[in-house]
Amino acid sequence: GSVERNSKSNVDNKSEKYTTRYNNMLKKFAEWEPLFSNVEGQHITRKHEVLIGCFVGAKNAAVVEALRIVYTDYTPLRLAGDLIFS
């Protein structure tokens, strides 16, 4: 009844909020790529390799959607993502 509808509405509102936040993170991440893409002739650190891999993954629709689901549904990962982007 009414309690179920309110609960579903709250879940939908939270999901929408987290999806919007995730989309904003994707936009910000895309802004960072040019800052790290010009490494020709430079020593590439392990952290740099990881970042490059993340940029590649961010262009893969299946990876992006899988992470969207995990981000919106799994609180510990969402908190970690929020810390990184704060």
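This passage describes the confidence, the largest pocket and one helix contact of a predicted protein model.

Across the protein, the mean pLDDT is 83, and 83% of the residues reach a score of at least 70. Confidence is not uniform along the chain: helix α3, which spans residues 61-73, has the highest mean, at 94, whereas helix α1, covering residues 2-37, has the lowest, at 78. Where pLDDT is low, the predicted coordinates should not be read in detail.

The largest pocket encloses about 520 Å³ of space. Its lining is formed by 18 residues, of which Tyr22, Phe29, Cys54, Leu67 and Phe85 are the closest to the pocket centre. Four helices, namely α1, α2 (46-57), α3 and α4 (75-84), each contribute at least two residues to this lining, and the largest share, 5 residues, is supplied by α1, the helix in which confidence is lowest. In chemical class the lining comprises 16 nonpolar and 2 polar residues, with no charged residues.

Helices α3 and α4, which both take part in lining the largest pocket, also meet each other directly. Their axes come within 6 Å and cross at roughly 100 degrees, and because this angle falls in the range from 65 to 115 degrees, α3 is roughly perpendicular to α4. The contact involves Val70, Tyr71, Thr72 and Asp73 on the α3 side, and Thr75, Leu77, Arg78 and Asp82 on the α4 side. The residues of this contact divide into 3 nonpolar, 2 polar and 3 charged, whereas the lining of the largest pocket has no charged residues.

Methods. Residues are numbered from 1 along each chain as its sequence is written. This is a predicted model: local features need pLDDT of at least 70, side-chain atom pairs count only at pLDDT 80 or more; totals for chains, interfaces and linings use all residues. Side-chain values use heavy atoms; hydrogens and water are left out. pLDDT is the predictor's confidence in each residue, from 0 to 100. On a 1 Å grid over the protein atoms alone, a cavity is a set of points where a 1.4 Å probe fits but cannot get out, and a pocket is an open set with protein on both sides within 12 Å along at least five of seven lines; lining residues have an atom within 4 Å of a point. Grid points are joined across faces, edges and corners, and a volume is the space filled by probe spheres set on the points. Ala, Val, Leu, Ile, Met, Phe, Trp, Tyr, Cys and Pro count as nonpolar, Asp, Glu, Lys and Arg as charged, and the others, Gly among them, as polar. Axes are lines fitted to C-alpha atoms, for helices over the stretch in contact, and angles run from 0 to 180 degrees between N-to-C directions. Angles under 35 degrees count as roughly parallel, over 145 as roughly antiparallel, 65 to 115 as roughly perpendicular and the rest as oblique. Contact means heavy atoms within 4.5 Å.
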